[in-house]
Each structure stands twice: as structure tokens, then as C-alpha cells.
Amino acid sequence: QVQLVESGGGLMQPGGSLRLSCIASGNIASIVAMGWYRQAPGTQRELVAVLTRDGLTNYADSVKGRVTISNNNAKNTVYLLMNSLKPEDTAVYYCKAEAYTDTLDVRAYWGQGTQVTVSS
């Protein structure tokens with residue numbers, strides 16, 4: 001089992017920056033990848049960025065060049081740094097972990113989400 005807790009959301013100004021944090025607990029060693037997803041009202045949840053255990057990253061085209069995903073293994077934390085915020089970045093941001101189960105299947109775990117609103 002893996003538990004995830006996000007923080008760092010809030011009301012942001014267009015053009016500003018924010019850093020979201022996601023602290024993982026539980027069976028940390030089983031995690032193979034962590035990522036950030038977002039869901040705006042009336043839309044499907046979409047990938048923002050993912051970071052694998054091997055250090056590979058992948059970003060959505062809509063955020064490339066503005067977003068950096070990183071981690072601090074000592075703190076079991078993954079971060080999402082977003083610059084040049086736009087109103088269309090407004091969404092609930094979710095942290096996701098993919099981890100091996102006891103039967104070596106890969107299971108997804110989600111945090112509770114943190115609201116990010118970009119508005120002047």
C-alpha cells in the first residue's frame with residue numbers, strides 16, 4: 001500500500017509560479033513511477049508530468065517548457081514546479097504513484113488532490 005498527500009495549491013496570479021508537493025508513505029520501495037495529473041471541471045483527468053524510478057521524465061505538450069517534475073528521495077517527496085501560469089492551468093492536481101503489488105502487478109495509487117486556481 002502507498003499513501004499520497006499533496007500540498008501547495010491555491011489561488012495564483014497569471015504569469016506566476018507554484019510548487020506542488022506530494023509526500024509518499026507506506027511501501028515506498030515498491031514505487032516504479034510517480035506523476036502529476038490534473039482535472040478541470042467538465043474534463044477528463046490528464047497527465048501533466050511523470051517521473052520514473054530510473055529518472056526518466058515525460059511531460060504533456062501543453063506544459064512542456066513551463067513545468068519541471070523532480071523528487072527528493074530522502075523526503076519521499078515528488079514536486080511539480082510550474083512557471084508562467086495560465087488560467088487554463090486551473091484544475092485539481094492529483095499525485096499518482098504506480099507501485100508493484102505482492103503479486104508483481106502494478107497498481108495505481110492517488111492522492112486526494114489539491115486545487116490550483118489561476119486568476120487575476
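**Entry 1: the disulfide**

I began by searching the whole structure for disulfides, and the search gave 1. I keep in mind throughout that I am reading a predicted model. For my own reference, a disulfide is a covalent bond between the sulfur atoms of two cysteines. The partners here are Cys22 and Cys95, and I noted that their sulfur atoms are 2.1 Å apart. I then looked up the torsion about the S-S bond of Cys22 and Cys95, which is about -85 degrees, so I wrote the disulfide down as left-handed. Next I asked where the two cysteines sit: Cys22 lies in strand S3 (residues 18–26) and Cys95 lies in strand S9, so the pair ties together parts that are 73 residues apart in sequence. Are Cys22 and Cys95 buried or exposed? Cys22 has a relative accessible area of 0% and is therefore buried, because buried means under 20%. Cys95 also counts as buried, at 0% relative accessibility.

**Entry 2: Lys96**

I moved on to Lys96, which lies in strand S9. I had to check how much of this lysine is covered, and I found that Lys96 is buried, with a relative accessible area of 12%. What does the side chain of Lys96 make a polar contact with? I found the side chain of Glu98 there, at 3.2 Å. I also listed the residues in contact with Lys96, leaving aside its neighbours within four places in sequence; among them are Leu4, Ala33, Met34, Tyr37 and Trp110.

**Entry 3: the salt bridges**

How many salt bridges does a search of the whole structure find? I recorded 5, and I followed some of them residue by residue.

I started from Glu46, whose side chain meets that of Arg38 in a salt bridge of 2.8 Å, N to O. Glu46 is partly exposed, with a relative accessible area of 36%, whereas Arg38 is buried, with a relative accessible area of 7%.

From Arg38 I went on to Asp89, since the side chains of Arg38 and Asp89 meet in a salt bridge as well, this one at 2.9 Å, N to O. This pair links distant parts of the chain, with Arg38 in strand S4 (residues 31–39) and Asp89 in the loop between strand S8 (77–82) and strand S9 (91–100), 51 residues apart. When I looked up the accessibility of Asp89, I found that it is buried, with a relative accessible area of 0%.

The side chain of Asp89 also meets the side chain of Arg66 in a salt bridge, again written down as 2.9 Å, N to O. Here too I noted a link between distant parts of the chain, because Arg66 is in the loop between strand S6 (57–59) and strand S7 (67–72), 23 residues apart from Asp89 in the loop between S8 and S9. Both Asp89 and Arg66 are buried. Putting these steps together, I see that salt bridges sharing partners join Arg38, Glu46, Arg66 and Asp89 into one network.

**Entry 4: a patch on the surface**

Last, I turned to the surface. Which residues form a nonpolar patch there? I found Tyr100, Leu104 and Val106, which together have about 310 Å² of accessible area. I looked more carefully at Val106, which is found in strand S10 (residues 106–110). Val106 has a relative accessible area of 48%, so I entered this valine as partly exposed. It can belong to the patch because the cut-off for patch residues is over 30% relative accessible area.

Conventions:
Residues numbered from 1 in each chain as written. Predicted model: local features only at pLDDT ≥ 70, side-chain atom pairs only at ≥ 80, totals over all residues. Heavy atoms only, no water. Patch = residues over 30% accessible without salt bridge, like charges linked within 9 Å, V, L, I, M, F, W, Y side chains within 5 Å. Areas by Shrake-Rupley, 256 points an atom, 1.4 Å probe, with all protein chains shown as cover. Salt bridge = Lys/Arg side-chain N within 4 Å of Asp/Glu carboxyl O. Helix = DSSP H or I, 4+ residues; strand = E, 2+ residues; numbered from the N terminus. Buried < 20%, exposed > 50% of the residue type's maximum accessible area, 1.4 Å probe, protein only. Polar contact = N/O pair within 3.5 Å; in protein donor to acceptor, adjacent residues only side chain to side chain. Contact = heavy atoms within 4.5 Å. Disulfide = S-S within 2.5 Å.
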